[in-house]
Amino acid sequence: VIDSEVAKTDDLLEAPVLFISGNLQPDFSDEEVRHLREYVNRGGFIFAESCCGGEEFDKGFKAVIERMFPEPEYKLRQLPPEHPAYSAEERVDPRYTRLLFGVDVGCRTSVIYVPENLSCYWELARSGRDRPLPKEVREQVDAALAVGINIMAYATNREVKYKLDIDRDLAAMEEADPFERARLYIANVRHSGGWEAAPGALANLLAVVSREAGIRVGTDERDVALSERQLFGYPMVFMHGRNNFQLDAAERKQLRTYVERGGVLFGDAICGSEEFAKAFRREMAAVFPERSLEAIPASHPMFTSQLGGFDLKTVSRRDPQRRGPDGPLKAAVRQVEPELEGIKVGERYGVIFSRYDISCALEKHESIECPGYTREDAARLGLNVVLYSLHQ
């Protein structure tokens, strides 16, 4: 139980899910709203419901969401029936299902709001009740429980706790070390395929590099177009997305020059997007027509501790599967060899690409619907790639 008037963002982050319920208008100060937004941005999940016919709560919570997310792209919207939060774990009786509304932040829906009562039915299901419930009421209770279970399964990926705590706030570190010299900067590549879909991924990766390798990193977020001269100021650039995109002739030409001069392009298909992966392969074939993306051998030094990173003989990867049209969405976590692809320029890989998600996991917004590496191994894999690029 959290007192929102005194809780800071770090206090909220002790729980992977915040449950907000009531029947009166919620009264959050501007500071409380700011902490809630930071909580979501750093991987938290808000599950809200209007209980006991709370029309005031419904109006008030929607107003809170508008204050939390003033940007037009972050609007509370009705989730489509195929959204995994409807059926992640249990089947809900269609007679008693609830409409779900959500806000997509980064790689997943990070706020889910149910404007119809759930918790009063949950109270009826509490242990120790001696009075049997009528059949129809029992069915409504079971449906309300199933709705809550599905949302919680989606919110937590069925993981009891976070495997790797990635601290995204690097500002304090820069305050203690204000000198720019010998500081590592990596830029996000701007493109038309959703380059901002996981805005916290690179910052979190840099935090891992700083913590695990002791490398001084830059805290301010940087982005660059492949046609800009600033590209050559970075030893590595990060290019991720989830949609189709196309580079123009100038971007293709300068990217080739950048890689041939020693730069490294690290690509990632957000949430395992096949659309982005297809576009990335097409563009790399246009930039390097005499070469092609090939599987990087699992024995490559990139996957070992030789360069100061982790020994990654095997990694954990999530494989979403749905058994039947009405079955729950399951995401089996498998132990597999790391799978990255690359393009060699001389004896080194100048382009490195993951068709399995790394970005959402780094951002703490991974979802059970995303084929990709778990949070811990996404961070380890990303660290090894960065260290490999610095040794070239």
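The exercises below, each with a worked solution, concern a predicted model.

**Exercise 1.** Determine the order of the strands in the open sheet, and state which strands stand at its edges.

*Solution.* The open sheet is formed by 5 strands in the order β1-β2-β5-β4-β3, with mixed pairing. Reading that order from its ends, β1 (17-22) and β3 (77-78) each have a single partner strand, so one side of each is left without a neighbour in the sheet.

**Exercise 2.** Describe the surroundings of strand β2, beginning with its partners and ending with its side chains.

*Solution.* Begin with the pairing: β2 (residues 45-50) runs parallel to β5 (residues 108-114), to which 4 bridges join it, and β1 pairs with β2 in the parallel sense over 6 bridges. Next, take I46, whose bridge partner in β5 is V111, while L18 stands opposite I46 as well. Then add the helix: α2 (residues 30-41) lies across β1, β2, β4 (101-105) and β5, at about 125° to β2, and β1, α2 and β2 together make a right-handed β-α-β unit. Finally, consider the side chains: F45, F47 and E49 point one way from β2, whereas I46, A48 and S50 point the other way, and all are buried.

**Exercise 3.** Classify the crossing of helices α8 and α9, and characterise their contact.

*Solution.* The axes of α8 (residues 249-260) and α9 (residues 274-287) come within 9 Å and cross at roughly 75°. Because angles of 65 to 115 degrees count as roughly perpendicular, α8 is roughly perpendicular to α9. In the contact, R252, L255 and R256 of α8 meet E283, M284, A286 and V287 of α9; these residues divide into 4 nonpolar, no polar and 3 charged.

Technical notes: Residues are numbered from 1 along each chain as its sequence is written. This is a predicted model: local features need pLDDT of at least 70, side-chain atom pairs count only at pLDDT 80 or more; totals for chains, interfaces and linings use all residues. Side-chain values use heavy atoms; hydrogens and water are left out. Axes are lines fitted to C-alpha atoms, for helices over the stretch in contact, and angles run from 0 to 180 degrees between N-to-C directions. Helices (H or I, at least four residues) and strands (E, at least two) are DSSP runs, numbered from the N terminus. Angles under 35 degrees count as roughly parallel, over 145 as roughly antiparallel, 65 to 115 as roughly perpendicular and the rest as oblique. Contact means heavy atoms within 4.5 Å. Ala, Val, Leu, Ile, Met, Phe, Trp, Tyr, Cys and Pro count as nonpolar, Asp, Glu, Lys and Arg as charged, and the others, Gly among them, as polar. Two strands pair if DSSP finds at least two bridges between them. Buried means under 20% relative accessible area, exposed over 50%, partly exposed in between (1.4 Å probe, protein chains only). A crossover is right-handed if, with the strands pointing away from the viewer, the path from the first strand over the helix to the second runs clockwise.
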